[in-house]
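Reader: I'm new to this one and would like to go through it piece by piece. Could you take my questions as they come?

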Amino acid sequence: MVDIYCNSDRCEYDIRALVMAFFPYTAPDYHISEENYIRERVKDCNSEKGTDIYILMHERSIFIECKGVKKEYAFDDKPDTKKYRDELKRLLYKTLNAAVKEELKWGTLTGVRPTKLAMKRILSGHDEEQVADYMQKEFFCSRQKAELCTEIAKREAGILKSIGFYEGYSVYIGIPFCPTVCTYCSFSSMPLTGLDNADELMARYTDALRKECEYVAKAFCGRRLVSIYVGGGTPTALSEKYLKYLMDIIRGNFDVRSVREFTVEAGRPDTISEAKLAILRSAGVTRISVNPQTMNDVTLLSIGRKHTAQQTVYAYDLARKAGFDNINMDIIAGLSGEDEEDFSYTLERIGELDPDSFTVHSLVVKRASEYRKIRESDGARRYGGRIVENMLDMAMEHAKKNGYKPYYMYRQKNKAGLSESPVLENVGYAKEGKESIYNIVIMEEKQTVAAIGAGAQSKLVDPYDPYADEVTGIIRSSNVKNVYEYIDRIDEMIERKKRWAYGQSVN
Ligand code: SF4
């Protein structure tokens, strides 16, 4: 249990986020307290016994105490909000680092997109060495993470420039269906297996998508479409009939031939068939994902994937035979019961398949999830941050040895009680020229994305200010998450999108 006592709520979100990074098992309690009370508690040294954190925030100074470690910072002048927040985070980091003798690889960075900070400096002309130094000094990142972040930002910047990122736009289409739900799933995907009205639901959903696609195509007519990404869920969970219908909708509304990338996630190998691959190929799909997550059958069974490693190999071979020359594979570091040896086996097996890119996700498990319960009761093998960190290092080594380079990255949002280890990164590695443009666009938020379907979130990037940061430059609009509501309220979703296309945030 961690209690934070502070005389202000001014930076509560940042304080909580950093404290949770140091104490990943806990959801800290934040108490707004009188200054005198805090001073008395600190004087009594009560805090040495527990993990109470005391913070006094004044206009020109900050004081922090934890476990007897006291740190203070005084500003020369009255700082602006950003400067104040940055110093507060640095001081809090130093205090907790000394108090609990832990170092965080991502330092004071708690956001989901650390590459954005590096990207900003790359785009303003700094070289890689300067940017890595900046990430290390300013945010206390480890040298390894600072360099990773900088390398990715540099590669992304090159790709974004090559596609003229601020003139074009991308389209995302969400298919919120899967054959069954994996036990660790944090999306709101609907299992189709055993659903009585599955056919009718697919028909109604794809019809709603058609209406939204028609609107988006009209609204963005005259603007260059750079990439199309059909994600989920598992788009190939749609039956052949509705997958074909969806492809017809896309081709009927968008100029598929001129896009730089047309991705369809074929995620679950058990949804892939020769006929579906043929539908995708003839629709002009250029990139697909076949996601093993792990090549260990025992783990696959325990996470509810309902397919074997052999099925992954089979689906992958089918996709190659169908002519796909850009195939991605997703794997997960930190699955229940897996240690470095198991992960190494997965890397070895996907190495044999030689996909064009692979993405490594570090698993974050919701405290109340079914998966977490199983994981806590299965007795056993060691879990936690270190093992996942080791796996991420192994993946990086594997990538280096086999000609892949890291090209995009993000971290999961750290919510109270969400993680059992410091939140680590998810990294996409690709061979030269096989990077997913959409993945870069969505992570760096440098291009408008019109997102279609239940739960999809659109982002309008101000075309006159492509270098603007996330606070000022992006206008968002969200569709409702529930599939049935999305279908029933499709006209309202289109109205929302109309307002969004004219520059109004709609949620
Ligand atoms: S395949 Fe992905 S979206 Fe579908 S249930 Fe599994 S984790 Fe969730």
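Reader: Is lysine 400 buried or exposed?
Author: This is a predicted model, so what follows is computed from it. A residue counts as exposed when its relative accessible area is over 50%. Lysine 400 has a relative accessible area of 59%, so the word for it is exposed.

Reader: Which residue forms a salt bridge with lysine 400?
Author: Look along helix H14 (residues 385-401), because the partner sits 3 residues apart from lysine 400 there, about one helical turn. In general, an α-helix has 3.6 residues a turn, so residues three or four places apart point the same way. The closest N and O atoms of the pair are 4.0 Å apart, and the partner of lysine 400 is glutamate 397.

Reader: And glutamate 397, what is its relative accessibility?
Author: Glutamate 397 counts as partly exposed. That class lies between the cut-offs of 20% and 50%. The value for glutamate 397 is 42%.

Reader: How far apart are the closest N and O atoms of glutamate 492 and arginine 489?
Author: Glutamate 492 is partly exposed at 36% relative accessibility, and arginine 489 is partly exposed too, with a relative accessible area of 26%. The two form a salt bridge, and their closest N and O atoms are apart by 2.8 Å.

Reader: Which residues do salt bridges that share partners join into one network?
Author: A search of the whole structure finds 34 salt bridges. Where salt bridges share partners, they join residues into one network: Arg113, Lys116, Glu445, Lys459 and Arg476.

Reader: What about the ligand: how many residues of each class are in the shell around it?
Author: The residues around the ligand include Cys178, Thr180, Val181, Cys182, Tyr184 and Cys185. Phe187, Gly233, Thr234, Arg268 and Arg305 are also around the ligand. By class, the shell comes to 6 nonpolar, 3 polar and 2 charged residues.

Reader: Which residue forms a salt bridge with arginine 268?
Author: Arginine 268 is one of the residues around the ligand, and at 2% relative accessibility it counts as buried. Its salt-bridge partner is partly exposed, with a relative accessible area of 28%. The closest N and O atoms are 3.6 Å apart, and the partner is aspartate 270.

Reader: Let's turn to the sheets. Which are the edge strands of the open sheet of 5 strands?
Author: The order of this sheet is S2-S1-S3-S4-S5, with mixed pairing. Its neighbouring strands are turned by 15° against each other on average, direction ignored. An edge strand pairs on one side only, and here the edge strands are S2 (29-32) and S5 (69-74).

Reader: Which residue in S5 stands opposite isoleucine 64?
Author: Strand S4 (residues 61-66) and S5 run antiparallel and are joined by 6 bridges. Opposite isoleucine 64, in S5, stands lysine 71.

Reader: Which helix packs on the sheet, touching S3, S4 and S5?
Author: Its direction makes about 20° with that of S4. It spans residues 81-100, and its name is helix H3.

Reader: How many of the residues of helix H1 are buried?
Author: Helix H1 (residues 12-22) is mostly covered, and what covers its buried residues includes strand S1 (3-6), S2, S3 and H3. Among the buried residues of H1 are Asp14, Leu18 and Phe22. The count for H1 is 8 of 11.

Reader: How many of the residues of strand S6 are buried?
Author: Both faces of S6 are covered. On one side Tyr169, Val171, Ile173 and Ile175 are buried, and on the other Ser170, Tyr172 and Gly174. For S6 (residues 169-175), the count is 7 of 7.

Reader: What is the bridge partner of valine 171 in S16?
Author: S6 pairs in the parallel sense with strand S9 (residues 225-232) over 7 bridges, with tyrosine 169 opposite leucine 225. S6 also runs parallel to strand S16 (residues 448-452), joined by 5 bridges. In S16, the bridge partner of valine 171 is alanine 450.

Reader: Last one: where is serine 258?
Author: Serine 258 counts as partly exposed, at 45% relative accessibility. Its C-alpha atom is separated by 25 Å from that of isoleucine 494, 236 residues apart along the chain. The place of serine 258 is the loop between helix H8 (240-253) and strand S10 (261-265).

Terms used: Residues numbered from 1 in each chain as written. Predicted model: local features only at pLDDT ≥ 70, side-chain atom pairs only at ≥ 80, totals over all residues. Heavy atoms only, no water. Near = heavy atom within 4 Å. Nonpolar A, V, L, I, M, F, W, Y, C, P; charged D, E, K, R; others polar. Salt bridge = Lys/Arg side-chain N within 4 Å of Asp/Glu carboxyl O. Buried < 20%, exposed > 50% of the residue type's maximum accessible area, 1.4 Å probe, protein only. Helix = DSSP H or I, 4+ residues; strand = E, 2+ residues; numbered from the N terminus. Pairing = 2+ DSSP bridges. Axes fitted to C-alpha atoms, helices over the stretch in contact; angles between N-to-C directions. Contact = heavy atoms within 4.5 Å.
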